[in-house]
Amino acid sequence: MTTLSTTLAKRLEDPRLFRQYAYVNGKWTHGEGGREEAVYDPATNEAIGHIPLLEAEQITAAVDAAEAAFVHWRALRADERCERLLAWYDLIQANREDLATIMTLEQGKPLPDARGEVQYGASFVRWFAEEGKRTYGETIPSHIPNASLGTIKEPVGIAAMITPWNFPLAMITRKAAAALAAGCPVIVKPANETPYSALALAELAERAGIPAGIFNVVLGDPAEVSKILCSESRIRALSFTGSTRVGRLLIEQSANTVKRLSLELGGNAPFIVGPDMDPKEAAFAAIDAKFQTAGQDCLAANRILVHESIHDEFVEHFSERMAALTVGNGLQSEIDLGPLIHRQAVEKAAAIVDDAISKGATVIGGDQSQAPGENFFMPVMLTGVTAQMKVWREENFAPVAGITAYSTDDEVIEMANDTEYGLAAYIYTHDIRRIWKLMRALEYGMVSVNSVKMTGPPVPFGGVKQSGLGREGGATGIDEYLETKYYCLGALGSVSGS
Ligand SMILES: NC(=O)c1ccc[n+]([C@@H]2O[C@H](COP(=O)([O-])OP(=O)(O)OC[C@H]3O[C@@H](n4cnc5c(N)ncnc54)[C@H](O)[C@@H]3O)[C@@H](O)[C@H]2O)c1
Ligand SMILES: N[C@@H](CC=O)C(=O)O
């Protein structure tokens, strides 16, 4: 093939991690209809390789394989599944550098961030390997004479997963490790922009002794594949991370088969800065919360709401720090922001900035003539942002920060909640009464106080409103893949009251 695939393979210590096939029933699979799609390095727009687009019968074959494999996988003891997951974890860690290289090439994020994501993604595998051993049922005091009542937890069945391109590895492991630990087979459909991280995970899953049919990666036309997965009644759970637009579509398409749905959708996070804050400290934190992954993060601080008494100083520090951010190919050293995923994302970002300017916002930074390539977008700060602007209403998913001044706590609560989204919110203040008031009043699934970092395996990750359904990670993340079976053992003799 006339692509960079040879170059990419050469960059890897273990070239077998770079696979250009789907992975179904333990076999590397090409598309039977001959359709394929190129995958591009967003930093250079050069093709890294190709992926096959599977036909409908091949997707159904993945479901057949998962159904057959389920029988044995669910019958393993939890500690046996744990051992395999820990082996997978060890292999992900051992191949961290190669996985990071693959990720930077297909997604664009700077190599240190990619290494961080591999570590982050691996941490969910270890977490759920252990959590699988703690899927306790309960004993229920009986109201029925001579009966014993209780519950046990059972795997829900085949779980399908549709994942986005912004976190190509961690968004898979956070779902798949939970499902596998619960005893469910998994069919992953990664984003076509970033399939190679998913396929490398499949290679490592096979080496870890996860049996054929238990971890499958299907590739194809997204709308086509998703329709099949949603309408397939043998798939009992569908976990999706992506936009609210596609999430709504999947809810509709899954209605006929009444699937268990976990949806991690868009966000439009407010970042609230109280009047007591040091403006420099808050501005530096806001920079971190806004510009990671070039703003292509569901947790990105999109609407920065700063108390009027420190607004001007905050803006000064923010713009100084923003000007120092380096933009470039994520494979180079000392890069803060890589490219956006493709040209359309750049055009969307530019339209959002233009809309804000036309409605009265002031723009700082963002000299696009300095962009090092056509998919890059230089970071921009907009001040005087109002609720009428797209930058307020839409998830911009770009290095575009909107800043607005407020005067009272009640006003900022109203501003922060003025969105259909409810994923994450940030509060920066040291006033405990203000923290408590804001934390309780914000309509968000996650609120982080005086900390940009909020995620990790022990926490229940997820949103309210149109940011989604269910929680991933934490003590409850595995429940998305478990059914509660109630039992009543009657006519036992004299056990009443137990
Ligand atoms: N809440 C979270 O945890 C979280 C995490 C990461 C990303 N996200 C969200 O993901 C979005 C960005 O990712 P994206 O652009 O990949 O999202 P997307 O919704 O466009 O795509 C997500 C997945 O859906 C597939 N898809 C696209 N169109 C489809 C269709 N018509 N039918 C079925 N499937 C389709 C894609 O191929 C991909 O696998 C943002 O909104 C972001 O906030 C949320
Ligand atoms: N940063 C998020 C992913 C959202 O895009 C996470 O940590 O899960």
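# Notebook: cores, sheets and helix pairs

I started at V217, which touches A22, Y23, V24, V188, P190, A198, L199 and A202 once residues up to four places away in sequence are left out. A note to self before going on: this is a predicted model.

**Entry 1: the cores.** Next I wanted to know what V217 belongs to. It is part of the largest nonpolar core, which has 88 residues. Which members touch the most others? W88, I92, L180, I187, F215, V217 and Y481 do. I also looked up which element gives the most to this core, and that is helix α6, residues 170–182, with ten residues. Then I found a second core, separate from this one, with 71 residues. A349, V353, A361 and M454 are among them.

**Entry 2: a three-strand sheet.** I moved on to an open sheet of three strands, in the order β5-β6-β20, with antiparallel pairing. Why do β5 and β20 each have a side without a neighbour? β5 (138–140) and β20 (482–489) are at the edges and have a single partner strand each, so one side of each stays free of a neighbour in the sheet. From one strand to the next, the twist averages 25°. I zoomed in on β5 and β6 (residues 148–155), and found three bridges joining the two antiparallel strands. One pair I could pick out was E138, which sits opposite T151 in β6. A reminder from class: strands of a sheet pair through backbone hydrogen bonds, either parallel or antiparallel.

**Entry 3: strand β16.** For the parallel kind I went to β16, residues 400–406. Six of its seven residues are buried, so I wrote it down as mostly covered. Strand β13 (residues 301–307) pairs with β16 in the parallel sense, over five bridges. Across that pairing, R303 is opposite G402 of β16. Strand β15 (residues 380–383) also runs parallel to β16, joined by four bridges. There, T383 has I403 of β16 as its bridge partner.

**Entry 4: F271.** I clicked on F271 and saw that it lies in strand β12, residues 269–273. Is F271 buried or exposed? Its relative accessible area is 0%, and anything under 20% counts as buried, so F271 is buried. What is it in contact with, beyond its neighbours within four places in sequence? I listed A282, A285, A286, A289, A301, R303, I304, L305, Y426 and Y428. I checked A289 separately: F271 and A289 are 18 residues apart in sequence, and their C-alpha atoms are 8.4 Å apart in space. R303 turned up again here, as a contact of F271 and as the residue opposite G402.

**Entry 5: helix α14.** Since β12 and β16 were on my screen, I looked at α14, residues 409–417. Its buried residues are D409, V412, I413, M415, A416 and N417. What do they pack against? My list reads β12, β13, α13 (390–393), β16 and α15 (432–441).

**Entry 6: two helix pairs.** Two packed helices are described by the angle between their axes and the distance between the axes. My first pair was α8 (residues 222–231) and α9 (residues 244–254), whose axes come within 8 Å and cross at roughly 40°. That angle makes α8 oblique to α9. The crossing is right-handed. On the α8 side the contact is made by S226, K227, C230 and S231, and on the α9 side by L250, Q253 and S254.

My second pair was α4 (residues 96–107) and α7 (residues 195–207), which pack at about 160° with axes 8 Å apart. Angles over 145 degrees count as roughly antiparallel, so that is how I noted α4 and α7. L99, I102, M103 and E106 of α4 make the contact with P195, Y196, S197, A200 and L204 of α7.

**Entry 7: two odd phi values.** Most residues other than glycine have a negative phi. That sent me hunting for exceptions. V258 is not a glycine, yet its phi is positive, about 45°. V258 is in the loop between α9 and β11 (260–264). With 63% relative accessibility, V258 counts as exposed. E334 also has a positive phi, near 60°, without being a glycine. I found E334 in the loop between α11 (311–323) and α12 (343–358). Buried or exposed? E334 has a relative accessible area of 70%, so I put it down as exposed.

Note on methods
Residues numbered from 1 in each chain as written. Chains lettered and ligands numbered in written order. Predicted model: local features only at pLDDT ≥ 70, side-chain atom pairs only at ≥ 80, totals over all residues. Heavy atoms only, no water. Pairing = 2+ DSSP bridges. Axes fitted to C-alpha atoms, helices over the stretch in contact; angles between N-to-C directions. Core = buried A, V, L, I, M, F, W, Y, C linked by side-chain atoms within 4.5 Å. Buried < 20%, exposed > 50% of the residue type's maximum accessible area, 1.4 Å probe, protein only. Contact = heavy atoms within 4.5 Å. Parallel < 35°, antiparallel > 145°, perpendicular 65-115°, else oblique. Left-handed = near helix turned anticlockwise from the far one by under 90°.
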